[in-house]
Structure formats: structure tokens, C-alpha cells
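Take a look at the structure below. We will walk through its helices, its aromatic rings and a few single residues.

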Amino acid sequence: MLSLWKDLLNLIYPSAVDCPLCGRRRQGKDICDNCHSIVSGYKQELYCGRCGRFTGKGSVIPSVSSHFCYTCRKQKWPFELVRAAGPYEGILKEAIHRFKYLGRRGLAFNLAGLMVETARTEPILTSVDLVLPVPLSNEKLRLRGFNQAALLAEEVGYMLQIPMNSKLLIKDFETRPQTSLNRTDREQNLRGAFRVTNAEAINGKNIMIIDDVFTTGSTMSSVALVIRSVGARHVFGLTVAAGRYF
Ligand SMILES: [Zn+2]
Ligand SMILES: [Zn+2]
């Protein structure tokens with residue numbers, strides 16, 4: 001009955017749909033005006049030139065246009081740079097949650113759109129030859145039913161007209177949830193988990209790794225290391241959201 005009522009409402013108000021980001025009802029096809037202004041605001045935020053994490057609210061903002069966060073000044077990453085569409089909070093955090101845990105697969109299109117807008121501001125990313133999603137273990141894939149990174153990678157590859165392959169990287173075993181672990185433990189936890197299935201397809205190429213969120217960088221780093229070990233030339237990362245540093 002309820003769905004019949006919904007169908008009827010859709011007939012009367014065909015353009016009233018939920019905003020893909022905040023989930024609120026509004027007219028029109030794209031994200032709502034409020035989300036649009038929030039996302040535009042993210043583009044003005046200062047981020048680390050290497051890992052792409054955003055500066056914390058109230059942190060000291062250097063006057064130079066490009067700068068590195070404390071972690072990136074002391075750590076050598078196996079990737080060149082990572083970029084994210086915005087900080088992992090508010091509407092992006094909620095949208096990623098609905099996408100990943102509530103199975104709203106259609107959000108891949110909208111989230112990838114934001115990622116692509118970000119990628120287009122970074123000239124070096126035009127050198128990318130191949131897009132690869134961070135893989136899930138078979139166990140996790142069975143539980144969730146889909147790999148959120150693969151759905152994003154498919155859209156990003158299509159929008160940027162760069163080949164995408166979700167079979168070249170696999171995760172051999174399920175690792176403990178990363179959230180409760182610190183950086184060192186996270187890296188230890190992921191050791192040996194990722195594997196390349198066809199080294200030749202990666203050798204000599206510039207690769208863009210796609211994931212939903214960049215927090216400490218352990219996952220991106222582990223994947224980048226494996227890709228570099230089979231001869232990838234440059235490795236970049238692109239995510240929907242990234243954490244903040246203080
Ligand atoms: Zn909205
Ligand atoms: Zn950084």
C-alpha cells in the first residue's frame with residue numbers, strides 16, 4: 001500500500017526525489033543547493049599536498065599555497081599523492097555510509113562525480129593510464145554484496161575515460177577492522193593481504209587507486225607498495241573523503 005502511495009506521489013510530483021548526498025527531498029536531478037554549497041566550500045579548504053587530508057578546524061594555516069602535513073613531512077609514502085573530494089564528516093560521511101552499509105549503489109555515480117571534479121584540478125592526474133579499486137576479501141564481498149571501491153572506480157574510469165580493471169588486485173584474506181588500530185598496527189595488519197594477479201598489466205603504468213575514504217593512509221600505502229613492487233611507474237590515489245590532521 002505504502003509503495004502504491006509512493007508511486008502515486010511520483011506520478012504527481014515526478015521531479016521530487018531525494019538529494020543523493022543529504023537524502024532530503026527536493027526538486028531537480030542533481031544534489032540539492034545546500035549540499036552544493038557545502039561541497040563548493042570543501043574546494044576552498046586547505047589540504048596536505050601529499051596525502052590530501054584536510055587541515056583541522058582552528059589549526060595554523062601556512063601562507064604558502066602548497067604544504068605538507070606533519071605525517072607527510074616525516075613519512076615516505078609509496079604513492080605520489082592522494083586527493084579527496086572533501087573531509088570525512090557531515091554529508092560526505094553520511095552519503096558514504098548509505099552507499100556502503102545501506103546498499104545505495106546508485107550513489108557511486110554522484111560520489112564519483114565529486115571525485116572526478118577534484119581529480120580535474122590536479123594536472124598530474126592526466127598522466128594516469130589505469131584505474132584500480134582497492135579490493136575487498138571474498139569474505140567481505142560476500143557479506144556486503146559489492147565492492148564500494150570498484151563501483152566508484154568504474155564510474156571514475158568512465159568519466160575520465162581511463163581504463164579500469166577490478167581484477168588486477170585482490171585481497172587474499174580478511175584483516176581485522178582497522179578502526180581500532182593505530183598506524184603501525186594497521187600496516188602490520190594489512191601486510192601480505194594484497195596481491196597483483198597480472199604484473200604485466202601494471203608494469204610501467206601510472207596507476208590511480210580508488211577507495212572511499214583515506215584515514216591514516218595504511219590501506220592506500222599497502223596497495224601502492226604492492227603495485228610498485230610489480231613495476232608501476234607512478235601511483236596516485238583518489239577517494240571520496242579524507243580525514244583531517246591537526
Ligand atoms: Zn542535499
Ligand atoms: Zn599529508
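**Helices that meet**

Start where two helices touch: Leu92, Ala95, Ile96, Arg98 and Phe99 of α4 meet Leu107, Ala108, Leu111 and Leu114 of α5. Sort these contact residues by class, and you get eight nonpolar, no polar and one charged. How are such neighbours described? Two packed helices are described by the angle between their axes and the distance between the axes. For α4 and α5, the axes come within 10 Å and cross at roughly 145 degrees. The crossing of α4 past α5 is left-handed.

Keep in mind that this is a predicted model. The protein has nine helices and 10 strands. Of its 246 residues, 49% are buried. Now consider contacts with a separation of 6 or more. Residues 24 or more positions apart account for 73% of them.

Back to helix α5, residues 107-119. Helix α7, residues 148-160, also packs against α5: their axes come within 9 Å and cross at roughly 50 degrees. Are α5 and α7 parallel, perpendicular or oblique to each other? An angle from 35 up to 65 degrees falls between roughly parallel and roughly perpendicular, so α5 and α7 are oblique. Their crossing is right-handed. On the α5 side, the contact is made by Ala108, Phe109, Leu111, Ala112, Gly113, Met115, Val116 and Ala119. On the α7 side, Leu151, Leu152, Glu155, Val156, Met159 and Leu160 take part. By class, this contact has 12 nonpolar, one polar and one charged residues. Ala108 and Leu111 of α5 appear here, and Ala108 and Leu111 also meet α4.

**Aromatic rings**

Next, look for rings. A pair of aromatic rings is described by the distance of the centres and the angle of the planes. The structure holds four aromatic pairs. One of them joins Phe79 and Phe214, with 6.2 Å from centre to centre and 80 degrees between the planes. This pair is edge-to-face, because planes over 60 degrees apart count as such. Where do Phe79 and Phe214 lie? Phe79 is in the loop between α3 (70-74) and β4 (81-87), and Phe214 is in strand β8, residues 206-214. The pair therefore ties together parts that are 135 residues apart in sequence. Both Phe79 and Phe214 are buried. Trp77 belongs to the picture too: ring pairs link Trp77, Phe79 and Phe214 into a cluster.

A further pair is formed by Phe99 and Phe146. Their centres are 6.1 Å apart, and their planes stand at 45 degrees, which makes the pair tilted. You met Phe99 in the contact of α4 with α5. Phe99 lies in helix α4, residues 90-101, while Phe146 lies in the loop between α6 (138-144) and α7. So this pair ties together parts that are 47 residues apart in sequence. Phe99 and Phe146 are both buried.

**Two single residues**

Finish with two single residues. Find Thr55 in strand β3, residues 54-55. Is Thr55 buried or exposed? Its relative accessible area is 6%, so Thr55 is buried, as the cut-off is under 20%. Leaving out residues up to four places away in sequence, Thr55 touches Glu45, Leu46, His67, Arg244 and Tyr245.

Then move to Gln161, in the loop between α7 and β6 (169-171). Gln161 has a relative accessibility of 64%, so Gln161 counts as exposed; the cut-off is over 50%. Check its backbone as well. Gln161 has a positive phi of about 55 degrees, although Gln161 is not a glycine.

Methods: Residues are numbered from 1 along each chain as its sequence is written. Chains are lettered from A and ligands numbered from 1 in the order in which they are written. This is a predicted model: local features need pLDDT of at least 70, side-chain atom pairs count only at pLDDT 80 or more; totals for chains, interfaces and linings use all residues. Side-chain values use heavy atoms; hydrogens and water are left out. Axes are lines fitted to C-alpha atoms, for helices over the stretch in contact, and angles run from 0 to 180 degrees between N-to-C directions. Helices (H or I, at least four residues) and strands (E, at least two) are DSSP runs, numbered from the N terminus. Angles under 35 degrees count as roughly parallel, over 145 as roughly antiparallel, 65 to 115 as roughly perpendicular and the rest as oblique. A crossing is left-handed if the near helix is turned anticlockwise from the far one by less than a right angle, and right-handed if clockwise. Contact means heavy atoms within 4.5 Å. Ala, Val, Leu, Ile, Met, Phe, Trp, Tyr, Cys and Pro count as nonpolar, Asp, Glu, Lys and Arg as charged, and the others, Gly among them, as polar. Rings of Phe, Tyr and Trp (its six-membered ring) pair if their centres lie within 6.5 Å; planes under 30 degrees apart count as stacked, over 60 as edge-to-face and the rest as tilted. Buried means under 20% relative accessible area, exposed over 50%, partly exposed in between (1.4 Å probe, protein chains only).
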